[in-house]
Amino acid sequence: MNNSATKLPPRQATNIFVDKNFYIVNFVTLMGILGGTLYNPALPTIQQFFKVSEAQVTLTSTIYQLPSAIITPLFGILADILGRKIVLIPSLLIFAFGGFFSSFASTFTNHLGWRLFQGIGAASLEPLQVTIIGDLYRGRTLGTAIAFNSVLIGISGALFPLIGGKIGELDWRYTFLPAVIAIPLAIWSFIALRVPKHRNHSEKFEFKAYLKSTTNSINKRPVIGLLFGTMSLFLLQTLCLTYIPLLAAEKFQTSAGLNGAILASMSISLALVASQLGRIVQHISEIKLIKLSFLLFAIALLIIPFLPNVWLLFIPMFLIGAAQGLALPSSQALLAGLADQESRGGFMAVNMTVVSWGQTFGPFLGSIVLLFSGIQSVFYISAIFSLISFAIFNYFLTTKVLNFTAKTIHMGGMAAPSSSQVIQLPDIPSPTILQQPVAQLLHIQTRRIIELPEHFEIINIGKSSTNIPLEVNLANLPDTEVVSRIHAQIRFDGEEYYIQDMGSANGTYINQYPLVPGIWYKLKSGLGFSLGRRSKVSFIFELV
């Protein structure tokens with residue numbers, strides 16, 4: 001699906017749990033979460049130890065996140081130029097040493113300095129783990145890997161604050177010391193991690209061409225829509241994490257322990273839903289799941305201010321966790337699959353930067369609402385924002401049917417003569433013209449061959465459409481109840497063939513990987529694709 005001439009890794013076994021690379025990547029994920037959550041319950045103790053204000057002690061969190069919002073794209077570029085491991089291993093070591101020395105700082109200023117240093121190491125961990133998963137896996141295996149990674153994020157996001165609270169009761173320093181686990185992880189990565197090599201390592205690297213490739217990958221309407229959706233989801237998530245405990249404490253006088261349990265329920269819900277994502281996408285496309293998540297967020301945020309009992313808060317928290325479990329792995333899998341391998345590090349780093357913006361803007365926007373109204377208004381405004389985000393996401397991910405179907409390509413730019421004109425050609429021998437290969441679709445289930453026109457720009461594939469002419473009408477094939485009226489289009493630019501999904505009800509898949517509607521994917525002879533899930537209507541594209 002990527003257009004670059006990449007040396008792809010061998011197909012991974014369907015069972016990702018026998019792949020040691022998968023375990024290494026998930027341990028990298030745990031390091032990033034550990035550095036940002038384990039110390040939170042100990043913040044009051046840290047405040048008392050350094051004798052600083054509540055606003056000042058929150059800098060322990062803010063300054064750790066700061067590098068991710070600024071320099072993450074740089075790490076992505078370096079990972080594409082130098083290689084994933086060359087960036088990953090030093091990042092893990094920086095993370096480990098920053099956490100270790102921040103735990104033994106004697107002044108608050110030194111503590112913040114080492115937290116900043118640790119944040120520099122952490123800035124590359126999240127985009128690198130998504131990038132490496134995208135390098136290693138394809139199709140539904142990619143979605144399964146990212147779904148499991150999201151389950152891990154949900155479970156660890158629930159457990160780490162509870163663990164941090166226990167060890168923080170012994171000494172606040174212990175909440176930073178576990179960062180040294182990143183040292184043996186760096187050694188293990190150096191010895192055992194195997195990632196595919198690509199052209200940037202074997203050819204002279206051209207930075208201008210790399211930037212152009214990365215920009216072209218991002219500057220597409222569906223990609224912009226996915227990035228916007230990701231930013232909005234993380235904005236809503238961090239807003240909930242910040243203001244739900246404040247509302248609970250103000251309205252129900254909850255303790256810190258009960259607030260922790262309320263937030264943990266959201267992470268548990270995320271983990272449960274994400275663990276079932278592989279089954280869910282057999283019935284509902286990833287794009288529809290992301291749209292559904294915005295609606296779930298809106299419903300949950302609207303009902304929170306009206307709840308009369310603290311225990312009823314667990315209902316909207318379950319909805320919020322479910323929304324994240326549906327949307328986050330779906331969006332990350334789609335984005336990872338859209339990026340070329342040579343620029344995937346930079347591409348996913350931009351994605352993580354957008355995520356950081358969302359995490360930063362959420363609490364900030366909530367604070368602006370609080371300046372003019374009460375805390376209940378934060379949730380009303382957030383629900384409205386979720387619905388607006390749904391509309392914007394739907395706009396960017398809605399494709400338009402091209403109506404200039406099956407036009408003939410006139411070579412040489414000359415106008416065709418009218419019927420009244422008679423053109424006398426000189427009586428000279430004409431040279432032999434080499435015929436171009438003809439494209440055809442082999443229907444796998446019936447072995448029927450469908451020949452495509454020799455010259456065309458766009459052809460429509462579907463069934464029984466009255467508004468748009470169909471060059472490939474599949475109405476007479478078996479199992480076409482899963483095929484939409486205008487399901488997909490194939491484009492020929494005179495040299496290469498491409499396919500795109502037209503926002504069909506059941507999706508279009510190449511090697512079991514879902515196509516993002518509105519994006520053209522290159523077709524090569526021998527490549528298989530299916531209309532709808534479970535490969536009921538499948539074809540092999542051939543040039544003969």
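This dialogue explains how to read salt bridges and burial in a predicted model.

Biologist: What should be known about the model before reading side-chain contacts?

Modeller: The model is predicted, so local features need pLDDT of at least 70, side-chain atom pairs count only at pLDDT 80 or more, and totals for chains, interfaces and linings use all residues. Residues are numbered from 1 along each chain as its sequence is written, and side-chain values use heavy atoms, with hydrogens and water left out.

Biologist: How many salt bridges are there by this rule?

Modeller: A salt bridge is a side-chain nitrogen of Lys or Arg within 4 Å of a carboxyl oxygen of Asp or Glu. The count here comes to three salt bridges.

Biologist: Which residues are linked in a network of salt bridges?

Modeller: The network links Asp-80, Arg-84 and Asp-135. Asp-80 and Arg-84 meet at 2.6 Å, N to O, while Arg-84 and Asp-135 meet at 2.7 Å, N to O. The latter pair links distant parts of the chain, with Arg-84 in helix α6 (residues 84-103) and Asp-135 in helix α8, 51 residues apart. Helices here are DSSP runs (H or I, at least four residues), and strands likewise (E, at least two), numbered from the N terminus.

Biologist: Are Asp-80 and Arg-84 buried or exposed?

Modeller: Buried means under 20% relative accessible area, exposed over 50%, and partly exposed in between (1.4 Å probe, protein chains only). Both Asp-80 and Arg-84 are buried.

Biologist: With which residue does Lys-522 form a salt bridge?

Modeller: Lys-522 pairs with Glu-496, the closest N and O atoms being 3.7 Å apart. Lys-522 is buried, with a relative accessible area of 17%, whereas Glu-496 is partly exposed, at 28%.
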